[in-house]
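Biologist: Please go through this model with me, and tell me what stands behind each label you use.

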Amino acid sequence: MHLYTQTITTSGTLAYSCIGGVQSGTTGFVVTEDRNCLTLSTPDIDYLVTWNDDTTSEIHVHATVVIADGQTVVTKTGTVTAGRFSGATTVEVLTGPVVDVLVCLSTAGLTSDTEYGTLELFAP
């Protein structure tokens, strides 16, 4: 990603460690959007979490991004639309470093990012 706007595809994998019930879960995601290093994205995202007991949860969220105190904070709120925990509301908060503008100015641009966070499910 660079300082000029371009269509980019972001993909990644999230791994969850759980307390109670299932022990862990994973999901992959792909989001395509027009953005640059200075714009904050707020896409709606649908993704599928596969739990360690082979059950799944389909989740729909709306993401908001805020930069505060040198951190990028992504908050995804939504619902489990199908599968295990169907009807539950969800809140996922991911935190990572602010984008380094000098990296955005380089020939390669920003090519990867790491964030850490939590996913909470609330019973309907």
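**Labels and their cut-offs**

Modeller: Start with Lys76, which touches Leu14, Val61, His62, Ala63, Thr90, Val91, Glu92 and Leu94, leaving out residues up to four places away in sequence. Contact here means heavy atoms within 4.5 Å. The model is predicted, so local features need pLDDT of at least 70 and side-chain atom pairs pLDDT 80 or more, while totals for chains, interfaces and linings use all residues. Residues are numbered from 1 along each chain as its sequence is written, and side-chain values use heavy atoms, without hydrogens and water.

Biologist: Why is Lys76 called buried?

Modeller: Buried means under 20% relative accessible area, exposed over 50%, and partly exposed in between (1.4 Å probe, protein chains only). Lys76 has 7%, so it counts as buried. Lys76 belongs to strand 5; strands (E, at least two residues) and helices (H or I, at least four) are DSSP runs numbered from the N terminus.

Biologist: What makes Ala82 partly exposed?

Modeller: Its relative accessibility is 23%, so Ala82 falls in the class between buried and exposed. Ala82 also lies in strand 5, residues 71-83. Leaving aside neighbours within four places in sequence, Ala82 is in contact with Thr56, Ser57 and Glu58.

Biologist: How do you know which strands stand at the edges of the sheet?

Modeller: The open sheet has seven strands in the order 1-2-3-4-5-6-7, with antiparallel pairing. Strand 1 (6-17) and strand 7 (116-122) each have a single partner strand, so one side of each is left without a neighbour in the sheet. Two strands pair if DSSP finds at least two bridges between them.

Biologist: What makes strand 3 and strand 4 a pair?

Modeller: Seven bridges join strand 3 (residues 44-51) to strand 4 (residues 56-68), so the requirement of at least two bridges is met. Thr50 stands opposite Thr56 in strand 4.

Biologist: Why is Asp69 called exposed?

Modeller: Asp69 has 81% relative accessibility, so it passes the limit for exposed. Asp69 sits in the loop between strand 4 and strand 5, and has a positive phi of about 50° although it is not a glycine.

Biologist: Which class does Phe85 fall in, and why?

Modeller: With 33% relative accessibility, Phe85 counts as partly exposed, because the value lies between the two limits. Phe85 is in the loop between strand 5 and strand 6 (89-97). Its phi is also positive, near 70°, in a residue other than glycine.
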